[in-house]
Amino acid sequence: MTSGSPGGAAVERIGLKHGAGGRAMRRLIEELFLPLGGPVDGVGLAAMDDGAALRVGDRWLVVTTDSHVVQPPFFPGGDIGRLSISGTVNDLAMMGCTEPLGLTCAVIVEEGFPRADLARIRDSMAAACAEAGVTVVTGDTKVMGKGELDGIALNTAGFGFTRRLVRDDGLRPGDRILVTGTVGDHGLAVLTRRRDLRIEGALSSDVAPLNGLVRAALDAGGDAVVAMKDPTRGGLASVLHEFAEKAKVGVLLDGPSVPVNAETAAAAEILGIDPLVVANEGKAVLGVRPEAADRVLAALRGHPLGRRAAVVGTAVAERPGDVILDTGLGRRLLAEVEGEPLPRIC
Amino acid sequence: MDAADQARELKFRDPARARALAEALAREVAAAGRPVEVMHVCGTHEQAIARFGLRAAFPRDLHVIMGPGCPVCVTDTPEVDEAVALAAAGARVCTYGDMLRLPGASRSLGDVQGEGGKVEVVYSVTQAVEIARARPAEDVVFFASGFETTAVATAAAILGGVPPNFSVLSAHKYVPAAMEVVARLEDTKIEGYLAAGHAATITGWEIFVPFARATGSPVVVAGFEPLDVLAALLELVRLVREERPEVVNCYPRCVTREGNRPALEKLWKVFRVVDGDWRGIARVPSGNLELRPEWAAVDARRRFRIDTALVGGTAKNELADRCLCGLIMQARKDPSDCELFGKECRPEAPVGACMVSSEGACRIWHAYGGAPDLRGVGA
C-alpha cells in the first residue's frame, strides 16, 4: 500500500497480500530476501522451493521452516498445532524426504492466552507427530504483551535425509498432473468459521502429514515423479503456475476432473471463491511421466489419505508459463491469486 | 455417484447441453449472415461467461460486449470522496468489500483504513445496523452500493427500524436507466441486450418493453448459469435476426412480468430516482437511487455537512486521465486496448474502477486471461 507522508513522498508498506502466497509475496521475497542467499551445493534460497537441500556425502540433507498464524486457532478438522507439524512434514516430503529426523518448534504466545488452549494445541501436535513418525527435538518459547500478537504464532523447522530429490521444475510436455484428493477444504473450512461470515456446514480442514502418502507415490513412481508441491496458500492454481513457469511449459487443467467435496463446492459458490485458489493443508500435486501415471495413481488411491486422488491435467508445449482451465463448457486462462481472498487462513 | 459428482451434475452446467446450445447459437449467427453485436449490462453475466470459459464456445461472429454492469465500477469519484470525507471526519463507515479499493480523487477507503480510519467491511446492511447498535456513541454510516437488488435490502433495513446513530450514504444505482444511456450513444452498434436476471427479479420484465420499442432492440432477461447465458443468447440472436424488438424472459424460474411487488413497494417507499453521474459513462437521467426527503434523518448527505475538498476532491490524477474505463464500460474499447491494463493498473493497485470489483470488466479480463483463443491448446 502506498500512502502520503508529511514530506509528500510515498511510503511503501507491507500489506496482507505480501503474505498470501501469490505474486505479491513472491515479488517481496525476490526483492527483499533473496540477497540473503548464496551459492550452495544443492538447492538454496534462490530456487524458492519448499525447502533447502544440501549435499552430504551421497545423500541430501533437506531443511525447511514455516511459521503459522491462523485465525481462528481452532477450526473444523484441526488447529494451529496440527497445522504446524503437518506443514513442515509436508514441505520436507515435497522434496522427497519422507522420513524426517526431527522437528524444531518455537512458540510465541500472547499474554492472557488460556493455558488449556495451549495444552490442547500441544496434544494436537503430539498426535500429528505420531502420524508422521517424527518428534520435536528442540524448541523455544516467548510471551508477548497483550495486543502485541493475535493469540499465538508457531514456527516449526524440519530436517531429514533423502537419496533422491524431487523438485518442482521437472515437467515436460505430455507429463500428467495428479492431485492426491479434494481441493479447497482447508481454506473454505477456515473462511466459513471466521466470525463475520456465519456460514454453517459440515466443512472440515484436510490438514494432515503427507509423508506416508508421498512415500507410497515415490515407491511406485520412482524417477517418473518429476515435480511435487503441496498446494497451500494460493491453492492448486498457484502450484500449477509454479510448475508451468519453472519448467517453461503450459499446463492444461481439466476442471471437471479436479475432485472437490460437495460441501466445499457449495460454500465456495456462496462466497464467490474459486476452490482452485484457496489453501489445502493435506494435499499434494505431482507431475508424473505419462507411462507411470496409472501406477502412481493406484498407489495414491491405495493410501487412506489418497482415496480421491485423480489425474487432473497435462503439461503442453503451447503457452509456456500459463495454466489453461478447460471447464467442460469452454476454456480460459486460470489466474494466480494476487492477494488474499480473505485474510489469514493458514 | 457421490455427493460431489451429484453437485457437478447441476443441469444448468451440463456440458452436453451446453455444446448443443453453442451449436444452435452458431447456426443462428450463421443464418444472420453477418457479425452480430449484443451487450449484457451485468457484471454477473460477464463473470459467468469468463468463469466457465464460454467465450471459447461462442461463434466467432458473435460479439458479446460488457456494458456498464458493475455497480461498484460506476460509483463516481465524488461519491467515494464523500465516504472518505466522512471517515476522515471520524464516522465509522461500513461498506461492501469491493468499495474499499475504489479510487477516490486522492484516496480510497482502503487507504483511510490503513491510516487508522474507522472503515469496516460488511456483508450486508443488517450487519452495519448491528454495528451501529453495538456502538451507540459513534456515527455509523453505511456506504450503500448496488443496483435495485441490493437497494431493496437497504430499504428493508431502514423500514425495519435503525438506531439513531445510523445513516446511509447511498450510491445505489438503477439499471434500466443505464441501458437507455448506452442505447443513445452515438456510435453504438449494439443490436440487442441481455438484461440482468437478478435485477429483473425485482423490477419484473415488463419494464423493458418501452425500451425495446423505442430503440428497436430486443431484450432477453437471462439467468447466470452457463446454460442460462447460452440459451438467452440464442433467443436474442434469433430476435435480432428476425428484427423483432421484443422482450423475452429466459429466466422464468425467478423473473415474472410484474416483478417482486412487496420488494418494489419497499424500494420506492424509501428511495426515489434522481439524475446521477456514473463513473466513465455520463450523467444518467434517473440513474441514481436517493433517499426520499422523509428519510432525511437516515440520509448521511442531509445529516452531515460533507466537505470533499478536504480529502483532495479537486485533485488532478494523471494516471486516471489515461484510464479507458469509461470507453470500456461503453463497449467502445476492450480492456486490452488500455495502456495501463495489467501494468500501472492491476487488481492490487487499481487506477480505474473496472479493475476494482470482481464484476469489473478489466478485473475479469485480468483474472481470466482476457479473451485469448485457447480452443487449439493441447489438441
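Let's start at V249(A), which sits in the loop between helix 6 (235-247) and strand 13 (250-254) of chain A. Keep in mind that this is a predicted model. V249(A) has a relative accessible area of 2%, and since buried means under 20%, this residue counts as buried. Who are its neighbours? Leaving aside residues up to four places away in sequence, V249(A) touches L171(A), R172(A), P173(A), F243(A), A244(A), A315(A), V316(A), R319(A), P320(A), G321(A) and D322(A). Take G321(A) from that list: it lies 72 residues from V249(A) along the chain, yet their C-alpha atoms are separated by 5.8 Å.

Now step back to the whole of chain A. The domain assignment splits it into domain 1 (1-36), domain 2 (50-162) and domain 3 (176-333). Measuring over C-alpha atoms, the centres of domain 1 and domain 2 of chain A are 26 Å apart.

Next, look at where chain A meets chain B. Chain B brings 38 residues to the contact and chain A brings 32. Between them they bury about 2700 Å², with carbon and sulfur atoms giving 55% of that area. The two chains share 2 salt bridges. E269(A) and R13(B) form a salt bridge, with their closest N and O atoms 2.7 Å apart. There are also 8 residue pairs in polar contact between the chains, counting pairs with both residues at pLDDT 80 or more. On the chain B side, the elements giving two or more residues are helix 1 (3-8), helix 2 (15-32), helix 3 (43-51), helix 5 (109-114), helix 6 (125-134) and helix 16 (361-368). By type, the chain B residues touching chain A are 18 nonpolar, 8 polar and 12 charged.

Notes: Residues are numbered from 1 along each chain as its sequence is written. Chains are lettered from A and ligands numbered from 1 in the order in which they are written. This is a predicted model: local features need pLDDT of at least 70, side-chain atom pairs count only at pLDDT 80 or more; totals for chains, interfaces and linings use all residues. Side-chain values use heavy atoms; hydrogens and water are left out. Contact means heavy atoms within 4.5 Å. Buried area is the accessible area (1.4 Å probe) that two parts lose on being put together, summed over both. A salt bridge is a side-chain nitrogen of Lys or Arg within 4 Å of a carboxyl oxygen of Asp or Glu. A polar contact is a pair of N or O atoms within 3.5 Å; within protein, one must be able to donate a hydrogen and the other to accept it, and residues adjacent in sequence count only if both atoms are side-chain atoms. Helices (H or I, at least four residues) and strands (E, at least two) are DSSP runs, numbered from the N terminus. Ala, Val, Leu, Ile, Met, Phe, Trp, Tyr, Cys and Pro count as nonpolar, Asp, Glu, Lys and Arg as charged, and the others, Gly among them, as polar. Domain bounds come from an automatic or database domain assignment. Buried means under 20% relative accessible area, exposed over 50%, partly exposed in between (1.4 Å probe, protein chains only).
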